[in-house]
Amino acid sequence: MAALWNTRNLTMADAPNPFQLPNITKFKIALCQLSITSDKNQNLDRASRSIRLSVEQGAKLLVLPEMWNCPYSSDYFAKYAEDFDNRDASPTLSMLSEAACCHGITIIGGSLPEWDHGRLYNTCCIFGPDGRLKAKHRKIHLFDIDIPGEISFKESDTFTAGDQPTIVDTVGRIGIGICHDIRFPELAALYRKRGVDIICYPGAFNVSTGELLWELVQRARAVDNQLFVATCSPSRNSTGSYTTWGHSTLVGPSGEIIVTSGHEETTVIAQIDYSNIQLQRKSLPLDDQKREDIYKFIDAHELNP
């Protein structure tokens, strides 16, 4: 099957697509926590198998991890990167497109290293159930960290930051972030204002920040915006010097943990019911209680000491 994508000019609006989904409010989501090796073909085979098994269990929306076709290491990013505009040089996108079309599902394709005009991006591609590329999200907030004695990593030494938020209409309205994007509540609040039902964050938090913050920030983004948040991580036994936390998770609109994994390779599947969003917002109408008049005043004037 020919790859059905064109990566140019994919922004907040969907690419042209005659395939229309019914108004789905209840469905199953799969979070595929993959073990990553230094063999790209093996990684593609693992992902393809996880997709197939997820579909057999009824999943309609599937999320893959951050950097799943290569180890999370600056030694591998450029080597495993693909030019998304050259279908002959994009085996990962070809596999995702074919899998989405074959199984009739929406795939949030984790993230991959993308070459574009000599620059490297950390990019998530989203494929609809017809196999077409609906959007791509380039990681906006790059992860630079230096904790003496624990971890030192500077993503900005390798990647160029993205400059666009990404919303896709498929099984509901989906907002996309990648890993460190979750630390910034402004992005999630923007998605909420634009009617998003669920934010999907492929991520690879390390064990230092993961233990402290991974669950906390997911629940915060969900409860503050009264929507679903889904995260998907590589498993901890993946190849590379960067040790991931794992614990792929689905959080509901009241901040409750619906399902989560451990750190091993696994796929977790859970039911999403979008009616819970309106139920939560009706019970606790945060939008009606906001004081934009005060926030705008404070933003425009200095506070008295």
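A residue counts as buried when its relative accessible area is under 20%. The exercises below use this cut-off on a predicted model.

**Exercise 1. Overall picture**

Task: State how many helices and strands the protein chain has, and what share of its residues count as buried.

Solution:
- The secondary structure of the protein chain comes to eight helices and 15 strands.
- Of its 305 residues, 54% count as buried.
- Among contacts between residues at least 6 apart in sequence, 70% join residues at least 24 apart.
- The mean pLDDT of the chain is 90, and 89% of the residues reach 70 or more.
- Over residues 13-22, pLDDT stays under 50. For that stretch the model has 18 contacts beyond four places in sequence.

**Exercise 2. Strand E4 and its partner**

Task: Decide whether strand E4 is largely enclosed or not, then describe how E4 pairs with E5.

Solution:
- Strand E4 covers residues 112-116, and four of these five residues are buried. E4 is therefore largely enclosed by the rest of the structure.
- Strand E5 covers residues 119-127 and pairs with E4 in the antiparallel sense, over five bridges.
- Trp115 has Leu120 in E5 as its bridge partner.
- Two residues lie between E4 and E5, and the two strands form a hairpin. In the turn, His117 has a positive phi of about 50°.

**Exercise 3. The two faces of strand E8**

Task: Sort the side chains of strand E8 by face, and find what stands opposite Phe153.

Solution:
- E8 covers residues 151-154, and its side chains alternate.
- Ile151 and Phe153 point to one face and are buried. Ser152 and Lys154 point to the other face and are not buried.
- Strand E7 (residues 144-147) runs antiparallel to E8 and is joined to E8 by four bridges.
- Ile145 stands opposite Phe153.
- E7 and E8 form a hairpin with three residues between them. Gly149, in the turn, has a positive phi of about 85°.

**Exercise 4. Helix H5**

Task: Check the length of helix H5 against its expected span, and locate its kink.

Solution:
- H5 runs over residues 207-225, which is 19 residues.
- The expected span is 1.5 Å times one less than the number of residues. For H5 this gives 27 Å, and the end C-alpha atoms are 27 Å apart, so the two values agree.
- H5 also has a kink of about 50°, centred on Leu213.
- At the start of the helix, a side-chain oxygen of Asn206 comes to within 2.8 Å of the backbone nitrogen of Ser208.
- The buried residues of H5 include Ser208, Trp214, Val217 and Arg221.

**Exercise 5. Ser208**

Task: Classify Ser208 as buried or exposed, and list its contacts beyond four places in sequence.

Solution:
- Ser208 lies in helix H5.
- Its relative accessibility is 19%, so Ser208 counts as buried.
- Beyond its neighbours within four places in sequence, Ser208 is in contact with Glu150 and Ile151.

**Exercise 6. Two loop residues with positive phi**

Task: Place Gln226 and His247 in their loops, and give the accessibility class of each.

Solution:
- Most residues other than glycine have a negative phi.
- Gln226 has a phi near 55°, a positive value in a residue other than glycine. This residue comes just after H5, in the loop between H5 and strand E12.
- With a relative accessible area of 3%, Gln226 is buried.
- His247 has a positive phi near 60° and is found in the loop between E12 and strand E13.
- With a relative accessible area of 21%, His247 is partly exposed.

Key. Residues are numbered from 1 along each chain as its sequence is written. This is a predicted model: local features need pLDDT of at least 70, side-chain atom pairs count only at pLDDT 80 or more; totals for chains, interfaces and linings use all residues. Side-chain values use heavy atoms; hydrogens and water are left out. Buried means under 20% relative accessible area, exposed over 50%, partly exposed in between (1.4 Å probe, protein chains only). Two strands pair if DSSP finds at least two bridges between them. pLDDT is the predictor's confidence in each residue, from 0 to 100. Contact means heavy atoms within 4.5 Å. The bend at a residue is the angle between axes fitted to the seven residues ending there and the seven starting there. A polar contact is a pair of N or O atoms within 3.5 Å; within protein, one must be able to donate a hydrogen and the other to accept it, and residues adjacent in sequence count only if both atoms are side-chain atoms.
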